[in-house]
Amino acid sequence: MKKYLRLLYNGIIPANPVFVLLLGMCATLGTTSSALNGLMMGIATAAVLICSNAAISLLKNVIPDKVRIPAYIVIIATFVTVLQLAISAWMPALNASLGIFIPLIVVNCILLGRAEAFAGKNGVIASLIDGLGCGIGFIFALTLLGAVREFLGTGHIFGYEIYSEDYGMLIFVLAPGAFIALGYLIAIVSRLRGLSSNT
Amino acid sequence: MKKLASTLPNMILSLGIITVLSGLLLGVMYTVTKAPIEQSEREMQTAALAEVLPPFDNDPEAEAQSVNVGGQVYEIYPARMDGHSVGVAVKGVTMDGFSGEVVIICGFDNKGTVVNYRVLKQAETPGLGAKMEMWFRDPSGTRSVIGKSPGIQNFSPVKDGGDVDAITAATISSRAFLSVLRGAYEAYRQYAQTQGMYIPAVSDSHTGASTQQPTDCHIGSSVHS
(Lines give C-alpha, C1' and ligand atoms only; values in the text may rest on other atoms or scores of the structure.)
Protein backbone atom coordinates (compact mmCIF):
# COMPACT_ATOMS: atom_id res chain seq x y z
CA MET A 1 0.00 0.00 0.00
CA LYS A 2 2.78 2.36 1.01
CA LYS A 3 4.52 1.59 -2.25
CA TYR A 4 1.46 2.69 -4.21
CA LEU A 5 1.10 5.90 -2.22
CA ARG A 6 4.71 6.72 -2.95
CA LEU A 7 4.11 5.99 -6.64
CA LEU A 8 1.14 8.31 -6.63
CA TYR A 9 2.99 11.09 -4.85
CA ASN A 10 6.04 10.65 -7.07
CA GLY A 11 4.14 11.70 -10.18
CA ILE A 12 2.62 14.74 -8.52
CA ILE A 13 5.65 16.55 -7.09
CA PRO A 14 9.11 14.88 -7.22
CA ALA A 15 8.67 13.71 -10.82
CA ASN A 16 6.04 16.16 -12.01
CA PRO A 17 5.80 15.60 -15.76
CA VAL A 18 5.77 19.30 -16.62
CA PHE A 19 7.82 21.06 -13.96
CA VAL A 20 10.47 18.39 -13.40
CA LEU A 21 10.54 15.93 -16.30
CA LEU A 22 9.71 18.69 -18.85
CA LEU A 23 7.59 16.26 -20.86
CA GLY A 24 4.60 17.16 -23.00
CA MET A 25 5.64 20.76 -23.55
CA CYS A 26 3.69 21.10 -26.79
CA ALA A 27 0.31 20.53 -25.18
CA THR A 28 1.37 22.41 -22.08
CA LEU A 29 2.30 25.59 -23.91
CA GLY A 30 -0.49 25.39 -26.46
CA THR A 31 -3.55 24.81 -24.33
CA THR A 32 -2.96 26.76 -21.14
CA SER A 33 -4.31 30.13 -22.29
CA SER A 34 -6.81 29.94 -19.43
CA ALA A 35 -7.09 28.00 -16.20
CA LEU A 36 -10.16 26.14 -17.40
CA ASN A 37 -8.53 25.08 -20.67
CA GLY A 38 -5.49 23.89 -18.73
CA LEU A 39 -7.64 21.93 -16.30
CA MET A 40 -9.67 20.29 -19.08
CA MET A 41 -6.59 19.39 -21.10
CA GLY A 42 -5.02 17.98 -17.94
CA ILE A 43 -8.06 15.82 -17.22
CA ALA A 44 -8.25 14.60 -20.82
CA THR A 45 -4.56 13.70 -20.86
CA ALA A 46 -4.78 12.02 -17.46
CA ALA A 47 -7.70 9.90 -18.64
CA VAL A 48 -5.77 8.70 -21.67
CA LEU A 49 -2.63 8.18 -19.60
CA ILE A 50 -4.39 5.96 -17.06
CA CYS A 51 -6.07 3.87 -19.79
CA SER A 52 -2.96 3.53 -21.93
CA ASN A 53 -0.76 2.68 -18.94
CA ALA A 54 -3.14 -0.06 -17.87
CA ALA A 55 -3.57 -1.45 -21.40
CA ILE A 56 0.15 -1.45 -22.14
CA SER A 57 0.93 -3.08 -18.83
CA LEU A 58 -1.62 -5.81 -19.59
CA LEU A 59 -0.24 -6.40 -23.07
CA LYS A 60 3.46 -6.01 -22.30
CA ASN A 61 4.19 -9.73 -22.56
CA VAL A 62 2.58 -10.21 -25.95
CA ILE A 63 4.34 -7.22 -27.50
CA PRO A 64 7.78 -8.21 -28.85
CA ASP A 65 10.46 -5.70 -27.87
CA LYS A 66 11.34 -4.60 -31.39
CA VAL A 67 7.81 -3.43 -32.21
CA ARG A 68 6.90 -2.06 -28.81
CA ILE A 69 6.97 1.62 -29.86
CA PRO A 70 4.52 1.24 -32.78
CA ALA A 71 2.32 -0.93 -30.59
CA TYR A 72 2.33 1.69 -27.82
CA ILE A 73 1.51 4.46 -30.31
CA VAL A 74 -1.43 2.49 -31.74
CA ILE A 75 -2.79 1.87 -28.26
CA ILE A 76 -2.39 5.51 -27.22
CA ALA A 77 -3.86 6.85 -30.46
CA THR A 78 -6.86 4.53 -30.07
CA PHE A 79 -7.61 5.85 -26.61
CA VAL A 80 -7.20 9.45 -27.77
CA THR A 81 -9.63 8.96 -30.65
CA VAL A 82 -12.14 7.23 -28.37
CA LEU A 83 -11.87 10.17 -25.97
CA GLN A 84 -12.25 12.69 -28.79
CA LEU A 85 -15.38 10.98 -30.09
CA ALA A 86 -16.80 10.78 -26.58
CA ILE A 87 -16.16 14.46 -25.89
CA SER A 88 -17.65 15.67 -29.15
CA ALA A 89 -20.70 13.46 -28.59
CA TRP A 90 -21.49 14.13 -24.96
CA MET A 91 -19.65 17.33 -24.02
CA PRO A 92 -20.13 19.72 -26.97
CA ALA A 93 -19.23 22.80 -24.91
CA LEU A 94 -15.90 21.29 -23.93
CA ASN A 95 -15.35 20.20 -27.51
CA ALA A 96 -15.79 23.78 -28.70
CA SER A 97 -13.07 25.13 -26.42
CA LEU A 98 -10.66 22.19 -26.51
CA GLY A 99 -11.54 20.32 -29.70
CA ILE A 100 -8.44 21.03 -31.74
CA PHE A 101 -6.07 20.17 -28.89
CA ILE A 102 -7.41 16.70 -28.12
CA PRO A 103 -5.58 15.00 -31.05
CA LEU A 104 -2.38 16.59 -29.70
CA ILE A 105 -2.52 14.20 -26.76
CA VAL A 106 -1.18 11.49 -29.07
CA VAL A 107 2.12 13.28 -29.48
CA ASN A 108 2.38 14.06 -25.78
CA CYS A 109 5.66 12.57 -24.59
CA ILE A 110 4.25 11.83 -21.16
CA LEU A 111 2.14 9.00 -22.57
CA LEU A 112 4.92 7.31 -24.48
CA GLY A 113 7.37 8.18 -21.73
CA ARG A 114 5.34 6.50 -19.00
CA ALA A 115 4.54 3.56 -21.28
CA GLU A 116 8.21 3.03 -22.03
CA ALA A 117 9.61 3.79 -18.58
CA PHE A 118 6.96 2.27 -16.37
CA ALA A 119 3.98 0.43 -17.83
CA GLY A 120 6.12 -1.76 -20.07
CA LYS A 121 7.96 -3.12 -17.04
CA ASN A 122 5.47 -3.14 -14.18
CA GLY A 123 2.19 -4.74 -13.17
CA VAL A 124 -1.26 -3.45 -13.98
CA ILE A 125 -2.12 -1.94 -10.61
CA ALA A 126 1.24 -0.20 -10.24
CA SER A 127 0.88 1.15 -13.79
CA LEU A 128 -2.62 2.42 -13.06
CA ILE A 129 -1.37 4.22 -9.96
CA ASP A 130 1.60 5.62 -11.88
CA GLY A 131 -0.74 6.91 -14.58
CA LEU A 132 -3.01 8.44 -11.95
CA GLY A 133 -0.09 10.13 -10.19
CA CYS A 134 1.41 11.53 -13.38
CA GLY A 135 -2.06 12.53 -14.55
CA ILE A 136 -2.74 14.47 -11.36
CA GLY A 137 0.68 16.08 -11.64
CA PHE A 138 -0.07 17.08 -15.20
CA ILE A 139 -3.52 18.47 -14.29
CA PHE A 140 -1.95 20.42 -11.43
CA ALA A 141 0.80 21.86 -13.63
CA LEU A 142 -1.50 22.82 -16.52
CA THR A 143 -4.12 24.38 -14.27
CA LEU A 144 -1.48 26.39 -12.41
CA LEU A 145 0.14 27.58 -15.63
CA GLY A 146 -3.25 28.37 -17.15
CA ALA A 147 -4.31 30.31 -14.06
CA VAL A 148 -1.09 32.36 -14.04
CA ARG A 149 -1.41 33.18 -17.74
CA GLU A 150 -5.10 33.98 -17.51
CA PHE A 151 -4.52 36.18 -14.47
CA LEU A 152 -1.64 38.15 -15.97
CA GLY A 153 -3.12 38.26 -19.44
CA THR A 154 -6.78 39.04 -18.85
CA GLY A 155 -7.21 39.72 -15.12
CA HIS A 156 -9.45 36.68 -14.70
CA ILE A 157 -9.01 33.33 -12.99
CA PHE A 158 -11.43 30.58 -14.09
CA GLY A 159 -13.41 33.36 -15.75
CA TYR A 160 -13.84 35.36 -12.52
CA GLU A 161 -12.65 38.93 -12.84
CA ILE A 162 -9.85 39.93 -10.45
CA TYR A 163 -8.95 43.19 -12.17
CA SER A 164 -10.06 44.88 -15.37
CA GLU A 165 -9.12 43.16 -18.61
CA ASP A 166 -7.91 46.51 -19.98
CA TYR A 167 -4.80 46.26 -17.77
CA GLY A 168 -4.04 42.67 -18.73
CA MET A 169 -0.77 41.88 -20.51
CA LEU A 170 -1.96 40.24 -23.69
CA ILE A 171 1.41 38.60 -24.27
CA PHE A 172 0.67 36.11 -21.49
CA VAL A 173 -2.34 34.77 -23.38
CA LEU A 174 -0.25 34.38 -26.53
CA ALA A 175 2.57 31.90 -27.12
CA PRO A 176 5.54 33.98 -25.83
CA GLY A 177 3.81 34.46 -22.48
CA ALA A 178 3.45 30.69 -22.19
CA PHE A 179 7.23 30.28 -22.34
CA ILE A 180 7.84 33.12 -19.89
CA ALA A 181 5.27 31.91 -17.36
CA LEU A 182 6.41 28.28 -17.66
CA GLY A 183 10.05 29.31 -17.16
CA TYR A 184 9.29 31.17 -13.95
CA LEU A 185 7.05 28.38 -12.65
CA ILE A 186 9.78 25.79 -13.28
CA ALA A 187 12.27 28.01 -11.47
CA ILE A 188 9.93 28.41 -8.48
CA VAL A 189 9.17 24.68 -8.31
CA SER A 190 12.88 23.81 -8.52
CA ARG A 191 13.63 26.21 -5.71
CA LEU A 192 10.86 24.76 -3.54
CA ARG A 193 12.03 21.22 -4.26
CA GLY A 194 15.58 22.21 -3.34
CA LEU A 195 14.37 23.63 -0.04
CA SER A 196 12.31 20.57 0.87
CA SER A 197 15.08 18.09 0.07
CA ASN A 198 17.54 19.97 2.30
CA THR A 199 15.42 19.65 5.41
CA MET B 1 3.95 -15.67 -19.05
CA LYS B 2 7.26 -15.19 -20.77
CA LYS B 3 7.78 -12.22 -23.01
CA LEU B 4 7.40 -12.96 -26.72
CA ALA B 5 10.66 -13.04 -28.65
CA SER B 6 11.15 -10.54 -31.45
CA THR B 7 10.81 -12.94 -34.35
CA LEU B 8 9.18 -11.76 -37.55
CA PRO B 9 5.97 -13.86 -37.22
CA ASN B 10 5.60 -12.78 -33.58
CA MET B 11 5.98 -9.12 -34.47
CA ILE B 12 3.52 -9.32 -37.35
CA LEU B 13 1.01 -11.27 -35.31
CA SER B 14 1.26 -9.03 -32.28
CA LEU B 15 1.03 -5.73 -34.16
CA GLY B 16 -1.70 -7.16 -36.38
CA ILE B 17 -3.86 -8.21 -33.46
CA ILE B 18 -3.35 -4.90 -31.68
CA THR B 19 -4.32 -2.84 -34.73
CA VAL B 20 -7.35 -5.03 -35.47
CA LEU B 21 -8.51 -4.71 -31.87
CA SER B 22 -8.07 -0.95 -31.86
CA GLY B 23 -9.82 -0.71 -35.23
CA LEU B 24 -12.75 -2.66 -33.79
CA LEU B 25 -12.86 -0.44 -30.72
CA LEU B 26 -12.83 2.71 -32.87
CA GLY B 27 -15.54 1.34 -35.12
CA VAL B 28 -17.79 0.58 -32.17
CA MET B 29 -17.10 3.99 -30.64
CA TYR B 30 -17.80 5.76 -33.94
CA THR B 31 -21.15 4.01 -34.32
CA VAL B 32 -22.11 4.74 -30.73
CA THR B 33 -21.21 8.44 -30.91
CA LYS B 34 -22.40 9.20 -34.45
CA ALA B 35 -25.97 10.09 -33.53
CA PRO B 36 -25.12 12.16 -30.42
CA ILE B 37 -22.46 14.11 -32.36
CA GLU B 38 -24.85 14.96 -35.17
CA GLN B 39 -27.49 15.88 -32.66
CA SER B 40 -25.22 18.18 -30.67
CA GLU B 41 -24.16 19.94 -33.88
CA ARG B 42 -27.81 20.37 -34.84
CA GLU B 43 -28.64 21.66 -31.37
CA MET B 44 -25.81 24.19 -31.56
CA GLN B 45 -27.15 25.50 -34.84
CA THR B 46 -30.76 25.53 -33.64
CA ALA B 47 -29.72 27.45 -30.53
CA ALA B 48 -27.78 29.91 -32.70
CA LEU B 49 -30.78 30.39 -34.99
CA ALA B 50 -33.04 31.17 -32.05
CA GLU B 51 -30.53 33.77 -30.91
CA VAL B 52 -29.94 35.58 -34.19
CA LEU B 53 -33.53 35.70 -35.44
CA PRO B 54 -36.60 37.57 -34.25
CA PRO B 55 -39.18 35.27 -32.59
CA PHE B 56 -40.47 32.70 -35.09
CA ASP B 57 -42.73 29.65 -35.06
CA ASN B 58 -41.59 27.65 -38.08
CA ASP B 59 -38.59 25.36 -38.48
CA PRO B 60 -36.01 27.42 -40.40
CA GLU B 61 -33.70 24.44 -40.81
CA ALA B 62 -36.41 22.48 -42.64
CA GLU B 63 -36.79 25.34 -45.14
CA ALA B 64 -33.07 25.98 -45.57
CA GLN B 65 -31.82 26.93 -49.03
CA SER B 66 -28.36 27.56 -50.43
CA VAL B 67 -27.51 30.70 -52.37
CA ASN B 68 -24.35 31.20 -54.37
CA VAL B 69 -22.76 34.64 -54.10
CA GLY B 70 -19.62 35.13 -56.14
CA GLY B 71 -18.64 31.49 -55.83
CA GLN B 72 -19.34 31.34 -52.09
CA VAL B 73 -22.25 29.24 -50.86
CA TYR B 74 -24.45 30.73 -48.15
CA GLU B 75 -27.14 28.82 -46.27
CA ILE B 76 -30.41 30.69 -45.87
CA TYR B 77 -32.75 29.90 -42.98
CA PRO B 78 -36.08 31.70 -43.37
CA ALA B 79 -37.99 32.51 -40.18
CA ARG B 80 -41.78 32.88 -40.17
CA MET B 81 -44.37 33.88 -37.61
CA ASP B 82 -47.98 32.92 -38.43
CA GLY B 83 -46.86 32.27 -42.00
CA HIS B 84 -45.35 35.72 -42.52
CA SER B 85 -41.64 36.20 -42.94
CA VAL B 86 -40.03 37.86 -39.94
CA GLY B 87 -36.47 37.62 -41.13
CA VAL B 88 -33.76 35.35 -42.42
CA ALA B 89 -30.63 33.84 -40.93
CA VAL B 90 -27.67 33.40 -43.24
CA LYS B 91 -24.74 31.11 -42.54
CA GLY B 92 -21.50 32.02 -44.30
CA VAL B 93 -17.94 30.75 -44.31
CA THR B 94 -14.68 32.49 -45.15
CA MET B 95 -11.06 31.39 -45.28
CA ASP B 96 -9.85 35.00 -45.22
CA GLY B 97 -9.34 35.00 -41.46
CA PHE B 98 -6.02 34.78 -39.72
CA SER B 99 -6.11 31.00 -39.29
CA GLY B 100 -8.57 28.58 -40.78
CA GLU B 101 -12.27 28.79 -41.36
CA VAL B 102 -14.53 31.43 -39.87
CA VAL B 103 -18.17 30.32 -39.82
CA ILE B 104 -20.73 32.94 -38.91
CA ILE B 105 -24.50 32.82 -38.74
CA CYS B 106 -26.15 36.20 -39.02
CA GLY B 107 -29.83 37.10 -38.65
CA PHE B 108 -31.46 39.85 -40.71
CA ASP B 109 -34.94 41.24 -40.20
CA ASN B 110 -37.28 41.98 -43.11
CA LYS B 111 -35.52 45.28 -43.86
CA GLY B 112 -32.06 43.75 -44.02
CA THR B 113 -31.00 45.02 -40.60
CA VAL B 114 -28.68 42.79 -38.57
CA VAL B 115 -30.64 41.36 -35.64
CA ASN B 116 -27.79 39.39 -34.11
CA TYR B 117 -24.95 37.10 -35.08
CA ARG B 118 -23.10 34.10 -33.72
CA VAL B 119 -19.61 32.94 -34.60
CA LEU B 120 -20.07 29.19 -34.97
CA LYS B 121 -16.46 28.34 -35.65
CA GLN B 122 -13.20 30.26 -35.64
CA ALA B 123 -9.56 29.68 -34.73
CA GLU B 124 -8.36 33.29 -34.70
CA THR B 125 -5.64 34.48 -32.30
CA PRO B 126 -6.86 34.37 -28.68
CA GLY B 127 -7.18 37.85 -27.20
CA LEU B 128 -7.17 39.44 -30.67
CA GLY B 129 -9.24 38.09 -33.56
CA ALA B 130 -10.99 35.60 -31.29
CA LYS B 131 -12.79 38.55 -29.69
CA MET B 132 -15.08 38.77 -32.73
CA GLU B 133 -17.90 37.00 -30.91
CA MET B 134 -18.13 39.89 -28.43
CA TRP B 135 -16.51 42.85 -30.20
CA PHE B 136 -19.05 43.43 -32.98
CA ARG B 137 -21.92 43.61 -30.47
CA ASP B 138 -20.15 46.05 -28.15
CA PRO B 139 -22.14 49.32 -28.22
CA SER B 140 -19.09 51.55 -27.63
CA GLY B 141 -17.87 53.59 -30.60
CA THR B 142 -18.87 52.15 -33.96
CA ARG B 143 -17.94 48.57 -33.08
CA SER B 144 -21.41 47.08 -33.06
CA VAL B 145 -23.07 45.78 -36.22
CA ILE B 146 -26.32 45.00 -34.39
CA GLY B 147 -29.21 47.11 -35.65
CA LYS B 148 -27.23 48.23 -38.68
CA SER B 149 -27.63 47.20 -42.29
CA PRO B 150 -24.93 46.60 -44.90
CA GLY B 151 -27.27 48.40 -47.31
CA ILE B 152 -27.01 51.63 -45.30
CA GLN B 153 -23.72 51.42 -43.45
CA ASN B 154 -20.50 50.34 -45.10
CA PHE B 155 -19.59 47.02 -43.44
CA SER B 156 -15.82 47.44 -43.72
CA PRO B 157 -13.25 48.45 -41.13
CA VAL B 158 -12.85 52.21 -40.68
CA LYS B 159 -9.28 51.75 -41.90
CA ASP B 160 -10.63 50.63 -45.29
CA GLY B 161 -13.06 53.53 -45.48
CA GLY B 162 -15.92 51.65 -43.83
CA ASP B 163 -18.23 52.41 -40.91
CA VAL B 164 -17.30 49.68 -38.41
CA ASP B 165 -14.46 49.81 -35.88
CA ALA B 166 -12.12 46.87 -36.44
CA ILE B 167 -10.88 44.82 -33.50
CA THR B 168 -7.73 46.45 -32.15
CA ALA B 169 -4.66 44.76 -33.66
CA ALA B 170 -6.81 42.25 -35.57
CA THR B 171 -7.69 43.97 -38.84
CA ILE B 172 -7.44 40.77 -40.87
CA SER B 173 -9.89 38.94 -38.63
CA SER B 174 -12.19 41.98 -38.68
CA ARG B 175 -12.10 42.17 -42.46
CA ALA B 176 -12.91 38.46 -42.68
CA PHE B 177 -15.79 38.82 -40.24
CA LEU B 178 -17.28 41.82 -42.04
CA SER B 179 -16.81 40.23 -45.46
CA VAL B 180 -18.94 37.26 -44.33
CA LEU B 181 -21.64 39.69 -43.18
CA ARG B 182 -21.55 41.55 -46.50
CA GLY B 183 -21.72 38.27 -48.41
CA ALA B 184 -24.55 37.09 -46.16
CA TYR B 185 -26.41 40.32 -46.93
CA GLU B 186 -25.97 39.79 -50.68
CA ALA B 187 -27.22 36.23 -50.27
CA TYR B 188 -30.21 37.56 -48.37
CA ARG B 189 -30.95 40.07 -51.16
CA GLN B 190 -30.81 37.32 -53.77
CA TYR B 191 -33.10 35.17 -51.67
CA ALA B 192 -35.52 38.10 -51.14
CA GLN B 193 -35.69 38.59 -54.91
CA THR B 194 -36.61 34.97 -55.56
CA GLN B 195 -39.24 35.06 -52.80
CA GLY B 196 -40.82 38.33 -53.90
CA MET B 197 -40.00 39.79 -50.49
CA TYR B 198 -38.95 43.34 -49.74
CA ILE B 199 -35.53 43.80 -51.35
CA PRO B 200 -33.19 45.89 -49.26
CA ALA B 201 -30.78 48.41 -50.77
CA VAL B 202 -27.65 47.29 -52.57
CA SER B 203 -24.64 47.15 -50.32
CA ASP B 204 -22.40 50.09 -51.24
CA SER B 205 -19.45 48.75 -49.33
CA HIS B 206 -17.51 47.72 -52.43
CA THR B 207 -15.96 51.18 -52.55
CA GLY B 208 -12.73 50.88 -50.65
CA ALA B 209 -13.18 47.40 -49.22
CA SER B 210 -10.25 45.16 -49.92
CA THR B 211 -11.79 41.73 -49.45
CA GLN B 212 -15.09 42.59 -51.07
CA GLN B 213 -17.07 39.95 -52.90
CA PRO B 214 -17.88 40.91 -56.48
CA THR B 215 -21.03 43.02 -56.14
CA ASP B 216 -22.45 42.13 -59.53
CA CYS B 217 -22.96 38.61 -58.25
CA HIS B 218 -26.75 38.76 -58.23
CA ILE B 219 -26.99 39.70 -61.91
CA GLY B 220 -26.78 36.08 -62.97
CA SER B 221 -29.81 35.05 -60.97
CA SER B 222 -32.84 34.01 -62.97
CA VAL B 223 -35.22 36.48 -61.38
CA HIS B 224 -33.09 39.45 -62.24
CA SER B 225 -32.84 38.82 -65.96
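Start with the biggest greasy patch in this predicted model: the largest nonpolar core, which has 51 residues. Select A:V48, A:I75, A:F138 and A:A141, since these have the most contacts inside that core. Now show the helices around them. The elements of chain A that give two or more residues to this core are α3 (35-59), α4, α6 (109-119), α7 (124-154) and α8 (175-198). Which of them gives the most? Colour α3(A), with its 12 residues in the core.

Stay on A:A141 for a moment. Ignoring neighbours within four places in sequence, A:A141 is in contact with A:N16, A:V18 and A:F19.

There is another core, lying apart from this one, with 45 residues. Pick out B:Y77, B:F136, B:A170 and B:Y185, which are among them. As general background, nonpolar side chains in soluble globular proteins tend to be buried together.

**A loop in chain A**

Next, select A:L23, in the loop between α1 (2-12) and α2 (25-31) of chain A. Is A:L23 buried or exposed? Despite the loop address, A:L23 is buried, because 21 other C-beta atoms lie within 10 Å and the cut-off for "buried" is 20 or more. To see some of the company it keeps, add A:P17, A:C109, A:I110 and A:G113: A:L23 touches these, not counting residues up to four places away in sequence. For a distance label, draw a line from A:L23 to A:V67; they are 44 residues apart along the chain, and their C-alpha atoms are separated by 23 Å.

**Where the chains meet**

Bring both chains back into view. How many residues take part in the contact between them? On chain A there are 26, in contact with 24 residues of chain B. Highlight helix α4 (residues 68-90) of chain A, as the largest share of chain A's side, 12 residues, comes from there. Colour that side by residue class and you get 18 nonpolar, 6 polar and 2 charged.

**Chain B, the overview**

Hide chain A and look at chain B as a cartoon: 3 helices and 5 strands. Following the chain from the N terminus, the elements run α-β-β-β-β-β-α-α. Chain B has 225 residues, and buried residues make up 39% of them. If you have a contact map handy, take the chain B contacts between residues at least 6 apart in sequence: 57% of them join residues at least 24 apart.

**The first helix, with a kink**

Select residues 8-52 of chain B, helix α1. At 1.5 Å a residue, its 45 residues should span 66 Å; the end C-alpha atoms are 62 Å apart, which agrees. Where is the kink in α1(B)? Zoom in on B:T33, where the helix kinks by about 40°, shortly before the proline B:P36.

Then show the buried residues of this helix: B:M11, B:S14, B:I18, B:S22, B:Q45, B:A48, B:L49 and B:V52. What covers the buried residues of α1(B)? Turn chain A back on, because the answer spans both chains. The cover includes α4 of chain A, together with β2 (72-81), β3 (84-94), β4 (102-109) and β5 (114-121) of chain B.**The strands**

Move on to strand β1 (residues 65-69) of chain B, which pairs with β2(B) in the antiparallel sense over 5 bridges. One facing pair to click on is B:Q65 and B:I76 of β2(B). These two strands form a hairpin with 2 residues between them, and B:G70 in the turn has a positive phi of about 55°.

Next door, β2(B) and β3(B) also run antiparallel, joined by 7 bridges. Here B:P78 stands opposite B:V88 in β3(B). This hairpin has 2 residues between the strands as well, and B:D82 takes a positive phi near 50°.

**Last stop: a covered helix**

Finally, select helix α3 (residues 171-195) of chain B. With 25 residues at 1.5 Å each, α3(B) should span 36 Å, and its end C-alpha atoms are indeed 36 Å apart. This helix is mostly covered, with 21 of its 25 residues buried. Step just past its end to B:G196, whose phi is positive, near 65°.

Inside α3(B), click on B:S179. Why does B:S179 count as buried? Because 25 other C-beta atoms lie within 10 Å of B:S179. Measure across to B:V93 to finish: the two are 86 residues apart in sequence and 9.6 Å apart in space, C-alpha to C-alpha.

Definitions and conventions: Residues numbered from 1 in each chain as written. Chains lettered and ligands numbered in written order. Predicted model: local features only at pLDDT ≥ 70, side-chain atom pairs only at ≥ 80, totals over all residues. Contact = placed C-beta atoms within 7 Å. Helix = DSSP H or I, 4+ residues; strand = E, 2+ residues; numbered from the N terminus. Nonpolar A, V, L, I, M, F, W, Y, C, P; charged D, E, K, R; others polar. Expected span 1.5 Å × (residues − 1). Buried ≥ 20, exposed ≤ 12 C-beta atoms within 10 Å, placed from the backbone. Bend = angle between axes of the 7 residues up to and from the residue. Core = buried A, V, L, I, M, F, W, Y, C linked by C-beta atoms within 7 Å. Pairing = 2+ DSSP bridges.
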